Amino acid sequence: MNAKRITTPSPEGQKQLDALRKSVANVLEKKRRLGQYAVTWENGKPMVRGEDAPVVPARAR
C-alpha cells in the first residue's frame with residue numbers, strides 16, 4: 001500500500017483551522033470575563049477550569 005501522509009494542511013484547510021482556533025480563543029476569553037468555567041482537554045483528560053468550576057471528587061479524576 002502506497003499511502004502518503006500529509007503533515008501540513010492545504011491552504012484552505014489552514015484557513016479553516018485558523019478560524020476554528022480564533023473562535024475557540026474568543027469563546028474561552030468570553031467565559032473567563034464572565035466568570036464562567038470551561039472544560040478543556042489536557043494530557044488525555046478533561047480539565048475543568050474557572051472560578052465557578054464544579055468540584056470533582058478525587059476518585060472521579
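Me: Accessible areas come from the Shrake-Rupley method with a 1.4 Å probe. With that in mind, how much area does the protein chain of this predicted model expose, and what share do carbon and sulfur atoms supply?

Reply: Happy to help! The protein chain exposes about 6100 Å², and 55% of that area is supplied by carbon and sulfur atoms.

Me: How many of the 61 residues count as buried, as a percentage?

Reply: A residue is called buried when its relative accessible area is under 20%. By that cut-off, 3% of the 61 residues of the protein chain count as buried.

Me: How do you know whether the radius of gyration fits or departs from that of a compact globule?

Reply: Set the two values side by side. For 61 residues, a compact globule would come out near 10 Å, but the protein chain has 17 Å. The C-alpha trace spans about 50 × 30 × 10 Å along its principal axes.

Me: What makes up the pattern along the sequence?

Reply: The chain has one helix and two strands, and reading along the sequence gives α-β-β.

Me: Where is Asn43, and what is notable about its phi?

Reply: Asn43 lies in the loop between strand E1 (38-42) and strand E2 (45-49). Its phi is positive, about 55 degrees, although Asn43 is not a glycine.

Me: Why is Asn43 called buried or exposed?

Reply: Exposed means over 50% relative accessible area. Asn43 has 74% relative accessibility, so Asn43 counts as exposed.

Me: How many positive and negative charges are there, and how far apart are their mean positions?

Reply: There are 13 positive and 6 negative charges in the protein chain, with mean positions 6 Å apart.

Definitions and conventions. Residues are numbered from 1 along each chain as its sequence is written. This is a predicted model: local features need pLDDT of at least 70, side-chain atom pairs count only at pLDDT 80 or more; totals for chains, interfaces and linings use all residues. Side-chain values use heavy atoms; hydrogens and water are left out. Helices (H or I, at least four residues) and strands (E, at least two) are DSSP runs, numbered from the N terminus. The radius of gyration is taken over C-alpha atoms; the globule rule is 2.2 Å times the number of residues to the power 0.38. Buried means under 20% relative accessible area, exposed over 50%, partly exposed in between (1.4 Å probe, protein chains only). Lys and Arg count as positive and Asp and Glu as negative; His and the chain ends are not counted. The place of a charge is taken as NZ of Lys, CZ of Arg, CG of Asp or CD of Glu.
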